[in-house]
Amino acid sequence: MGLSQRKRERLSAFLGELPVAAAIKLFAALELDRDTGGEGLPHNTLLDDLRRKLRERGAAPVRRQTAKRAFFTPFEDFFVSVRSGKKRRAQIARTSLDPIWRVMMTDQALTEAAMAAAALDDAYQAGGDTKSLERSFFLAAEAGLARLFARLKENEAARASLEEAVGGEAALADFEEIRQLMEAAEALRTLRIVVPSHSPSLSEEQIYDLRQLFLSVYEQSPSIASYLLLALKGRLEAPWRALGVYYHLARSADERLTPARETVMALPESLFEDLEGIARMLEKAGGGALEVQSARARLGWFIDYAEGLARHAQKAGDNVVLNRIEACRDIAGEAHARFVEQALSAMRAALPVRATRGSSRLAAPRPDYSVPVPPGVIDEAKSAVALLVEAPADARRLGSDPGLSEKVLEDASVHARTYANDLVAEIRAAEGADRAAAKHLLEQSLSIVEPLLKSDEAGLIRDRAAAAAVTV
C-alpha cells in the first residue's frame, strides 16, 4: 500500500507526537501484524518512521525475535528503504525482503529450512536456548538456497517464475546477493560487535580490531572482505564517516594490507557512487516539474553527504577526492538554481489572483478569493517557501554564488507582502460572504508566506485585517 506525500507527512507528524510508551507498543503491534501476513497497512513505511523517531528520542524499540529476523539481521546494514535506478552492489531494498522470505518458506528446495525456521520460532516463543536451532536453520537455509539457484541456472522458466514471485529483476538480484552473503554472515556478525550501530566515530582500538577482522576475512575471500567494508556505510552514524576508515586502511604501514589495496578501494568508490547518484537525481528533477518535498530532502542529503566526504578528504589532503566532490556540487548547484525559480512559481500558485476590472492593462492583478485553493497546492507552497528561505545558505554550502537565491527570495518576500496587504484592502471593500472568503484567504496565505515576512509583520497585517473586517 502506497501513501501520497501529503498523507505521509501528516502521518509522520502524528507518529512524532506519540508518547514513547505508545510508540513502542504500536511498533510491536505493527511488526506482529506484518509478520503474520497482515494487509491493508503500509507496514514498512510506518515501521521505518517509528524506528527513526524512537531512536531520535533515545528509545530504540526492542524487536521481537523471529526466524525471519535472525536470518536477515547479519545483512541489514545493506538494506535501503528507497532504491532509485538500477540494482547496486551492497544495496538491498527492504521491499524485497518479504517476497524473498515467502519463497524461502514455500519453495521445495528450502523445505528443510522452512521446517527449521518453524522450530526456531517455537523456541523463541518458548524462551529457551536457541543457539543450536539458529545454527541448524542457517545451515539448512544455505544448502536450500544453493539448490534453488542451481536450479535457476539450468531452467530459464524457473528463473522467470522466481523473478515474478519476488517482484522483478532487481529483487531477484537482491535475493542472489543475500545468497552470496551467507558466506559472510559470521564476519558480518563480528563486525556488529566491533562497530556498534550508529557509531559516530571509531576509537583506535575499534579501528585496530576492524583491520584485523578485515585481514582475516580477506585471506579467505577478497570479495567478502569488500562487503565487510561496504557494511560500514550502514553501520556508522552517517555513511560518509566510512571514508575515514578507508584512509586508515589505505595509508596503513601494515604490509599485509598491500595486496588488499584494490579491495579497500571498493569503499570510496561506493561512496562516490552514492554522491554522484544523488547529483544525477537532482539534475533530472531540476529538468521536470518541481516536487518540493522530494527536492528538499534530496538536496539536504546531498549537501550533508558532500560536506561529510569533504571533511575527511581535507583532513587527509586528498585533492583527487575533493575535485570529484566539487564536480558533483556543480551539478547539484545548477539543479538548486532551477528549484529556487520553480519554488517561487509554486508559492505564487497558492496565492490566486484575478484581473482587475476596467480597461487599464497596467493595473496589477488582485487577490482572488472566489475559488478555494486545493490543499495539495497549499502544502506544496509551504514547502516551496521553506526551500526559498533556505536557498541562500544552501547555495553557499554547494559552493555556488548565492546571488540568484537572494534575489528570488527578495522577490518572493515582496510578492507575499504585497499580496497580504492587497487582501486587507479586499476585506475592507467586501461585504458578507465575500468578506468572510477574503479573511479566510488572508489567514491561509499568511500560513504559507509568514516565514518570508519580518518577525512582527504578519501580526500587524492580521491586526489591520481585523480592523478592516468591522468597516461598514
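Contact here means heavy atoms within 4.5 Å. The exercises below concern a predicted model.

**Exercise 1.** Determine which residues Phe75 touches, leaving aside residues up to four places away in sequence.

*Solution.* Apply the cut-off of 4.5 Å between heavy atoms. With residues up to four places away set aside, Phe75 touches Ile178, Leu181, Met182, Ala185 and Leu188.

**Exercise 2.** Place Phe75 within the largest nonpolar core and identify the helix that supplies the largest share of this core.

*Solution.* Begin with the core itself, which holds 138 residues. Next, consider the members that touch the most other members: Phe71, Phe75, Phe78, Phe175, Phe214 and Phe302. The largest share of this core, 12 residues, is contributed by helix 18, which covers residues 319-349. Finally, turn to a second core, separate from this one: among its 5 residues are Phe27, Leu46, Leu47 and Leu50. As a general background, nonpolar side chains tend to be buried together in soluble globular proteins.

**Exercise 3.** Describe the chain as a whole, covering its secondary structure, extent, burial and contacts.

*Solution.* First, count the elements: there are 22 helices and 4 strands. Second, take the extent of the C-alpha trace, about 85 × 55 × 45 Å along its principal axes. Third, assess burial: 46% of the 472 residues count as buried. Fourth, consider contacts with a separation of 6 or more, of which 71% join residues 24 or more positions apart.

**Exercise 4.** Characterise the exposed area and the charged side chains of the chain.

*Solution.* The chain exposes about 24200 Å², and carbon and sulfur atoms supply 52% of that area. As for charge, 63 side chains are positive and 68 are negative. The centres of the two sets lie 3 Å apart.

Note on methods. Residues numbered from 1 in each chain as written. Predicted model: local features only at pLDDT ≥ 70, side-chain atom pairs only at ≥ 80, totals over all residues. Heavy atoms only, no water. Helix = DSSP H or I, 4+ residues; strand = E, 2+ residues; numbered from the N terminus. Buried < 20%, exposed > 50% of the residue type's maximum accessible area, 1.4 Å probe, protein only. Areas by Shrake-Rupley, 256 points an atom, 1.4 Å probe, with all protein chains shown as cover. Lys, Arg positive; Asp, Glu negative; His and termini not counted. Charge placed at Lys NZ, Arg CZ, Asp CG, Glu CD. Core = buried A, V, L, I, M, F, W, Y, C linked by side-chain atoms within 4.5 Å.
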